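Colleague: Hi! Could you walk me through this model? I'd like to go piece by piece.

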Amino acid sequence: MPDYVIGKNAPRISPDPGSGQWCSETQTANFLVYKRALEMALDTHAVDVTIGVDAVKHMRHYMNNTGNDYLLDMPDLLKKSSQLKQKYEGDLALAKTFARSLVDGEYDITSQKLGHGYFYKAQDINLFFAIGGYSFWGQGKVNVSTQKGITTYVLDYEFHFYDRYNWDSGKSVSIAGIQITDAFMQKFHRQCYAKEFDVRGLFKQKMIWTENRTAEKNNAPVNKPLSNPFESLMK
């Protein structure tokens, strides 16, 4: 789990090499046929059932061959994945703990290293094919002010999500009679029929809470929350 520091510089992302250089191989007619067959299959309801709605959307974006970033609906993803929600909760707790260590003032804070996770096939086939492994980190602004022994914290928190859409070793599925493996899908990229892309997500949350620092020294109850961190997820 990442630790926090004062600053704005997000931790560095180092995606794996993926399929290699785009358009680095000569195009072949059989892969154009495969591309058309896959595109037709992706438009059917059956494939949604086979690999999941998000997996289909991400594969279609890959076959569109733009290489543009794919922006996730993070509130929806946090509802779908208890694993990711736990990582969000853990990172937010770290951000709040770091905020409590600060004296009065306004600060930019950021994770100093990435957190990581993986959606396994046995747990969620949809997110396994759509994302697989991913990285995350937190950033935000903190305002700390104390009056008459009561400290108020205002945290504008951002939970960032990142994945590089490429095909890893061990992934395979049959669609429209075509056996899709990582090696098979990588050829579309190298033959200029598809293009790998970055998957990004951002979830923002404003937190306000107070603490009685005098009471804390006397081991009295502290931390009176004034906002619900999951209010936006429950709408």
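Colleague: Where is the place of leucine 84?

Modeller: Leucine 84 sits in helix 5. Bear in mind that this is a predicted model.

Colleague: And is leucine 84 buried or exposed?

Modeller: Leucine 84 counts as buried because its relative accessible area is 0%, and the cut-off for buried is under 20%.

Colleague: What does leucine 84 touch?

Modeller: Leaving out residues up to four places away in sequence, leucine 84 touches Met74, Leu77, Leu78, Phe119, Tyr134, Phe159 and Phe161. For one of those, tyrosine 134, I can add a C-alpha separation from leucine 84 of 10.0 Å, with their positions 50 residues apart along the chain.

Colleague: Tell me about helix 5 itself. How many residues does it have?

Modeller: Helix 5 has 19 residues, 82-100. From first C-alpha to last it reaches 27 Å, close to the 27 Å expected at 1.5 Å a residue.

Colleague: Which residues in helix 5 are buried?

Modeller: They are Gln83, Leu84, Tyr88, Asp91, Leu92, Ala95, Lys96, Phe98 and Ala99. Leucine 92 is on that list because its relative accessible area is 5%. The C-alpha of leucine 92 is 8.9 Å from the C-alpha of glutamate 158, and the two are 66 residues apart along the chain.

Colleague: Let's jump to strand 5. What does glycine 138 contact there?

Modeller: Glycine 138, in strand 5, is in contact with Tyr4, Asp91, Thr110, Ser111, Tyr157 and Glu158, leaving aside neighbours within four places in sequence. Asp91 is one of the buried residues of helix 5. Glycine 138 is buried too, with a relative accessible area of 0%.

Colleague: How far is glycine 138 from lysine 204 in space?

Modeller: It's 9.8 Å, C-alpha to C-alpha, for a pair 66 residues apart in sequence.

Colleague: Zooming out, how many helices and strands are there?

Modeller: The chain has 8 helices and 10 strands. Of its 235 residues, 43% are buried. Among contacts with a separation of 6 or more, 76% are between residues 24 or more positions apart.

Colleague: What about the largest nonpolar core: how many residues, and which have the most contacts inside it?

Modeller: The core has 55 residues, and Met59, Met185 and Phe188 have the most contacts inside it. In soluble globular proteins, nonpolar side chains tend to be buried together.

Colleague: Which residues does phenylalanine 188 touch?

Modeller: Not counting residues up to four places away, phenylalanine 188 touches Phe31, Tyr34, Lys35, Leu38, Tyr62, Met63, Tyr193 and Ala194. Tyr62 and Met63 are among the buried residues of helix 3, and so is Met59.

Colleague: How many residues of helix 3 are buried?

Modeller: 8 of 11, so helix 3 (residues 53-63) is mostly covered.

Colleague: What follows helix 3?

Modeller: Asparagine 65 does, with a positive phi near 70°. Asparagine 65 belongs to the loop between helix 3 and strand 2 (70-71), and is partly exposed, with a relative accessible area of 23%.

Colleague: Why flag a positive phi?

Modeller: Because most residues other than glycine have a negative phi. Cysteine 23 also has a positive phi, of about 60°. Cysteine 23 is in the loop between strand 1 (4-6) and helix 1 (29-42), partly exposed at 31% relative accessible area.

Colleague: New topic: what volume does the largest pocket have?

Modeller: About 240 Å³. The pocket is lined by 16 residues, and those closest to its centre are Asp16, Gly133, Ser135, Asp163 and Arg164. Strand 4 (115-118), strand 5 (133-147) and strand 6 (150-165) each give two or more residues to the lining. By type, the lining divides into 7 nonpolar, 5 polar and 4 charged residues.

Colleague: And how many cavities of 30 Å³ or more does a search find?

Modeller: The search finds 1, and about 40 Å³ of space lies in the largest cavity.

Colleague: What lines the largest cavity?

Modeller: Phe129, Ala130, Ile131, Asp163, Arg164, Tyr165, Asn166 and Lys171 do. Strand 6 gives the largest share of that lining, 3 residues. Asp163 and Arg164 appear in the linings of both the pocket and the cavity.

How values were computed: Residues are numbered from 1 along each chain as its sequence is written. This is a predicted model: local features need pLDDT of at least 70, side-chain atom pairs count only at pLDDT 80 or more; totals for chains, interfaces and linings use all residues. Side-chain values use heavy atoms; hydrogens and water are left out. Helices (H or I, at least four residues) and strands (E, at least two) are DSSP runs, numbered from the N terminus. The expected span of a helix is 1.5 Å times one less than its number of residues. Buried means under 20% relative accessible area, exposed over 50%, partly exposed in between (1.4 Å probe, protein chains only). A nonpolar core is a set of buried Ala, Val, Leu, Ile, Met, Phe, Trp, Tyr and Cys residues joined through side-chain atoms within 4.5 Å. Contact means heavy atoms within 4.5 Å. On a 1 Å grid over the protein atoms alone, a cavity is a set of points where a 1.4 Å probe fits but cannot get out, and a pocket is an open set with protein on both sides within 12 Å along at least five of seven lines; lining residues have an atom within 4 Å of a point. Grid points are joined across faces, edges and corners, and a volume is the space filled by probe spheres set on the points. Ala, Val, Leu, Ile, Met, Phe, Trp, Tyr, Cys and Pro count as nonpolar, Asp, Glu, Lys and Arg as charged, and the others, Gly among them, as polar.
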